[in-house]
Amino acid sequence: MTEDYEHYEAVVVGAGPGGAAAAAALAEQGVETLVLERGVDAGSKNVSGGLIYAEESAPYTIDGLFPDFREEASERPIDEYKMHNVAGRKVETFDLEKIHHHDTDWCDAVLRREMDSWLADRVHEKTRETGGGLLTDVRVNGLLRENGEIVGVTCDELDPITADLVVAADGVNSELARDAGLMDWDEPDEWFQGVKAVVDMDPDDIDERFDVGENTGAAHLFSGDLFEGVRGGGFLYTNEDSLSIGTVFHLDSIAEERAEPQELLDNLLTHPLLDQWFQGEYEELEYSAKLVPDSKKVAHPSPHQGRLLLVGDAAGQMQAQGPIIKGMNHAVTAGGLAAEAFHEAKTRGDASNAGQLYEQKLEEEGVMEQLRPKRYRWTRAISENGAVNKLNDAIVNSPIGSVGLKAFGGLMERAFNSPFVLGMVPDTRFSYVTVPTRIAEVLGDPIEGTNDIEPPELDERIGDLTYNVGDPHIELQDNSFAASGTAVTACPVSAKDFGGGCYRDEVVQTNGGEEHLVSLDTQPCVECGTCAVVADTHWEHPAGGKGVEFEQG
């Protein structure tokens, strides 16, 4: 009986920036708030490319809710923003500082383990004052219902908990969003996959090699032909004493090309362009991966059901439009607005209206237009048409296209600095591969020298991660290669002819023939969720405190 369960006014699931923002804003309104985090520590399950923005127009920012954030929890302020168009050894670099600083109060590089742990300490202090607190090592596995209505959450480690408000800030693989039927994993083209290496570098070397000051940093993006035709690109962000270097690709493109994520990352790491920063030295501290929602397609316009409100990745609130890559700031805004909506609904005498108020606030504050720009929806039928893209490819690769690029190269750079134009960028090979490659071929300069660093092999990367292995958390429903074989290459800790990852492909002799099958071992799983999209699985998170533990994030 639900009246026998422990009750809180609000339960927040997940202690990332969205959950922290919601919990802090709720506590400031005197709401009794319990935060549940499945990692051994906040941040131990979280990965991000690494830039958090504070937008001038945003109603909530992380430093507004946590005033000492920049001094104590972030890495370097990011002042420079460059994009490198690559074709072989030729590179043309665009300055994207205009789009980077558009509507930006500040932008910092962050590492999630340190950032989220710091936030969690403050959240625990704030929520304790209103009778709540923060618990780690607790996996929330579903929604508690009574007479068909959501009334709380169920957990692996605790008895069910009832609440007047449930905030799902449990990330891109949100089990609460899926339990409510608000999100699914059906379409690979709705997701990106990010893979990242954190690389050790002395602060003085960062200052010198990136030509930045002691308290400043730089962001570099990479696109063109160095990723084997897969739609997406790479990034490099300077931290205080390390670099975050990674790739982000459309998952459907990874699947179609049978590309291996760790090899695509290595293509970036070993390109001669990066020698100016590595200078022959390379020590990888951590390898990680995650799914990223494509907000243009999956940001939920009504991210609520009954007492449940979704924030951050759980609601698909990750903006990735060309070189615009923003997620944590939107999660913070959503968390603050969710708390605000609950407080207003409660003050008006009907807390059940919180979801509708939250949806209204996301629209009124312009969040949904940033995440799902109308101009993209209006133009995609033409811009993502196969015949149109073939014609565009032919034009850009023709002599006329070369003349046009030479004549209008400056216009191209200005287009990449326009938020209006970027809101219409189609998700096509033409945008991510053809155009930047041709820009480099026609306008670029050759890179001299070599890059002799040797990234770790996949088994080394897996071996360097920390795991507390529990019971298997993924069940392979159909182990035929036809149904689940894509996971062998798309999983970031698996590879063809590699026997130490999650997914392995094998041919089994049977009476009168043979079968091409896939086997699964969840022990080295980094919990990115890729296989839930590209293979026939039943996927869930490990129990609280179990599975992979990221030290950097």
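Which residues in α16 meet which residues in α19? Let's start there, and then I'll walk you through some rings and a few single residues.

Quick housekeeping before the answer. What you see is a predicted model, with local features needing pLDDT of at least 70 and side-chain atom pairs counting only at pLDDT 80 or more, while totals for chains, interfaces and linings use all residues. Residues are numbered from 1 along each chain as its sequence is written, and side-chain values use heavy atoms, with hydrogens and water left out.

Okay, the helices. On the α16 side we have Asn389, Asn392, Asp393 and Val396, and they meet Phe430, Thr434 and Arg438 of α19. Contact here means heavy atoms within 4.5 Å. Sorted by class, that α16–α19 contact holds 2 nonpolar, 3 polar and 2 charged residues. For the classes, Ala, Val, Leu, Ile, Met, Phe, Trp, Tyr, Cys and Pro are nonpolar, Asp, Glu, Lys and Arg are charged, and the others, Gly among them, are polar.

How do the two helices pack? α16 covers residues 386-396 and α19 covers residues 429-443, with an angle of about 10° between them and axes 10 Å apart. Helices are DSSP runs of H or I with at least four residues, strands are E runs of at least two, and both are numbered from the N terminus. The axes are lines fitted to C-alpha atoms, for helices over the stretch in contact, and angles run from 0 to 180 degrees between N-to-C directions. So α16 and α19 are roughly parallel to each other; the cut-offs are under 35 degrees for roughly parallel, over 145 for roughly antiparallel, 65 to 115 for roughly perpendicular, and oblique for the rest.

While we're on α19, have a look at arginine 429, which lies in that helix. At 42% relative accessibility, arginine 429 counts as partly exposed. The scale is buried under 20% relative accessible area, exposed over 50%, and partly exposed in between, with a 1.4 Å probe and protein chains only. Leaving out residues up to four places away in sequence, arginine 429 touches Gly229, Arg231 and Thr434. Glycine 544 is 115 residues from arginine 429 in sequence, and their C-alpha atoms are 40 Å apart.

Now, rings. Phe, Tyr and Trp rings (the six-membered one for Trp) pair if their centres lie within 6.5 Å, and planes under 30 degrees apart are stacked, over 60 edge-to-face, and the rest tilted. The count by this rule is 10 aromatic pairs. In one of them, phenylalanine 94 and phenylalanine 416 have ring centres 5.8 Å apart and planes at 50°, so that pair is tilted. Phenylalanine 94 sits in strand β5 (residues 90-95) and phenylalanine 416 in the loop between α17 (399-415) and α18 (419-422), so the pair ties together parts 322 residues apart in sequence. Both phenylalanine 94 and phenylalanine 416 are buried.

Then there's phenylalanine 235 with tyrosine 237: the centres are 4.9 Å apart and the planes at 25°, so this pair is stacked. Phenylalanine 235 and tyrosine 237 are both buried too. And there's a cluster, with ring pairs linking Phe66, Phe69, Trp106 and Trp118.

Tyrosine 237 leads us to leucine 243, in strand β14 (residues 242-250). Leucine 243 counts as buried, at 0% relative accessibility. Not counting residues up to four places away in sequence, leucine 243 touches, among others, Tyr237, Leu236, Phe210 and Phe278.

Phe210 also comes up with aspartate 205, in helix α7 (residues 203-209). With the same sequence neighbours set aside, up to four places away, aspartate 205 touches Phe210 and Glu281. Aspartate 205 is partly exposed, with a relative accessible area of 23%.

Which residue has its charged end over the ring of tyrosine 53? That's lysine 326, 4.7 Å from the ring centre. Arginine 178 does likewise over the face of tryptophan 185, at 3.9 Å from the ring centre. The rule is NZ of Lys or CZ of Arg within 6 Å of the ring centre and within 35 degrees of the ring normal.

Last stop, backbone. Most residues other than glycine have a negative phi. Aspartate 137 has a positive phi of about 65°, and this aspartate 137 is in the loop between β7 (133-135) and β8 (140-146). Arginine 258, in the loop between α8 (251-257) and α9 (261-269), has a positive phi of about 50°.
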